[in-house]
Amino acid sequence: MKTTLSLYASKKLLPFLGKEFQKNTPKVATEEINPLYKCYGDVYYFERKKYLIFCNELTRVSFMIGPIK
């Protein structure tokens with residue numbers, strides 16, 4: 001198993017990450033990634049403001065960044 005942080009991003013989150021981030025990201029086989037390092041990201045709207053929200057697959061720990069413009 002590799003200790004590479006793996007971020008699964010929604011279609012709404014991809015524009016916030018930028019094209020350079022997407023091009024320079026190495027491809028790793030899913031079965032090689034430790035579940036502790038798998039995170040899911042999305043854009044969340046609360047009171048008409050945008051927040052980035054991330055959740056760990058294994059621990060279900062979530063954190064939110066924002067509001068962002």
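**A walk through one small chain**

The chain we are looking at today has two helices and four strands, and I should say at the outset that this is a predicted model, so please keep that in mind as we go through the details. If you follow the sequence from its start, the secondary structure elements come in the pattern β-α-α-β-β-β.

Let me begin with the overall picture. The C-alpha atoms fill a box of roughly 40 × 30 × 15 Å when the box is taken along the principal axes, and of the 69 residues in the chain, 16% are buried. If we consider contacts between residues at least 6 apart in sequence, 44% of them join residues that are at least 24 apart.

Now to the largest pocket, which has a volume of about 560 Å³. Which residues lie closest to its centre? Of the 19 residues that line this pocket, the closest are Ser6, Leu7, Tyr8, Thr25 and Pro26. Three elements give two or more residues to the lining, namely β1, covering residues 6-9, α1, covering 14-17, and α2, covering 19-23. Among the elements, β1 gives the most, with four residues. Sorted by class, the lining consists of 13 nonpolar residues, five polar ones and one charged one.

Next, I would like you to find Lys38, which sits in strand β2, the strand that runs over residues 38-46. Is this lysine buried or exposed? Lys38 is buried, and yet it has no salt bridge. The nearest side chain of opposite charge belongs to Glu57, at 4.1 Å, and because a salt bridge here requires the side-chain nitrogen and the carboxyl oxygen to be within 4 Å, that pair is not counted as one. Setting aside its neighbours within four places in sequence, Lys38 is in contact with Ser6, Tyr8, Thr30, Ile33, Cys55, Asn56 and Glu57. Ser6 and Tyr8, in that list of contacts, are also two of the residues closest to the centre of the largest pocket.

Finally, please look at Glu47, which is placed in the loop between β2 and β3, the latter being residues 49-56. Why does Glu47 count as exposed? Its relative accessibility is 63%, and exposed means over 50%, so Glu47 falls into that class. Glu47 and Thr30 are 17 residues apart in sequence, and their C-alpha atoms are 36 Å apart in space. Thr30, you will remember, is one of the residues in contact with Lys38.

Conventions
Residues numbered from 1 in each chain as written. Predicted model: local features only at pLDDT ≥ 70, side-chain atom pairs only at ≥ 80, totals over all residues. Heavy atoms only, no water. 1 Å grid on protein atoms, 1.4 Å probe; cavity = no way out; pocket = protein on both sides within 12 Å on 5 of 7 lines; lining within 4 Å. Points joined across faces, edges and corners; volume = space filled by probe spheres on them. Nonpolar A, V, L, I, M, F, W, Y, C, P; charged D, E, K, R; others polar. Buried < 20%, exposed > 50% of the residue type's maximum accessible area, 1.4 Å probe, protein only. Lys, Arg positive; Asp, Glu negative; His and termini not counted. Contact = heavy atoms within 4.5 Å.
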